Amino acid sequence: MNATNNNWTKEELKTYILIYSANADLSASQEEITLIKSKVDAGVYEKMNKEFAKDNDYQALQKMLKFIENLGYSNEEIDALYAEINELFLTDNDFDIMEQNLGMGLKRLFGMIKADNEKQE
């Protein structure tokens with residue numbers, strides 16, 4: 001991860017995660033892109049789409065973990081984000097095995113973060 005990526009906002013992170021999720025099956029459908037663009041600022045979408053295009057899967061996951069922790073997501077915010085990801089998966093009426101697997105992986109990842117949050121309370 002390069003040094004220019006140290007200060008994402010919650011909107012930028014959400015956008016990045018939604019773009020990542022839309023590409024779970026190796027291509028984002030037009031319906032998925034349209035849904036993402038309806039939820040975020042157009043400039044943020046373009047910025048984060050360029051960022052996503054530069055990253056491999058490992059880099060993307062590391063960034064998501066880092067910024068969820070750095071931005072101090074509450075358990076409620078994590079749940080809301082996961083709900084948006086599920087909405088995205090269902091928007092093109094094609095919830096394929098790759099999207100299902102990513103959904104389960106993100107659920108586990110978010111669950112670990114939520115458990116850490118609870119330990120800190």
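**Exercise 1. Locate aspartate 25 and describe its surroundings.**

*Solution.* Start with the chain: aspartate 25 sits in the loop that links helix 1 and helix 2, where helices are DSSP runs of H or I with at least four residues, numbered from the N terminus. The model is predicted, so to speak of local features a pLDDT of at least 70 is needed, side-chain atom pairs count only at pLDDT 80 or more, and totals for chains, interfaces and linings use all residues. Residues are numbered from 1 along each chain as its sequence is written, and side-chain values use heavy atoms, with hydrogens and water left out.

Next, check burial and charge. Aspartate 25 is buried but has no salt bridge. Buried means under 20% relative accessible area (1.4 Å probe, protein chains only); a salt bridge puts a side-chain nitrogen of Lys or Arg within 4 Å of a carboxyl oxygen of Asp or Glu. The nearest side chain of opposite charge, lysine 37, is 16 Å away.

Finally, list the contacts (heavy atoms within 4.5 Å). Leaving out residues up to four places away in sequence, aspartate 25 touches Asp96, Met98 and Glu99.

**Exercise 2. Work out which residues of helix 5 are buried, and what covers them.**

*Solution.* Begin with the span: helix 5 has 16 residues and reaches 23 Å from first to last C-alpha, close to the 22 Å expected at 1.5 Å a residue. Then pick out its buried residues: Asn75, Ile78, Leu81, Tyr82, Glu84, Ile85, Leu88 and Phe89. Their cover includes helix 1, helix 2 and helix 6. One of these residues, Leu88, is touched by isoleucine 36.

Technical notes. Helices (H or I, at least four residues) and strands (E, at least two) are DSSP runs, numbered from the N terminus. The expected span of a helix is 1.5 Å times one less than its number of residues. Buried means under 20% relative accessible area, exposed over 50%, partly exposed in between (1.4 Å probe, protein chains only). Lys and Arg count as positive and Asp and Glu as negative; His and the chain ends are not counted.
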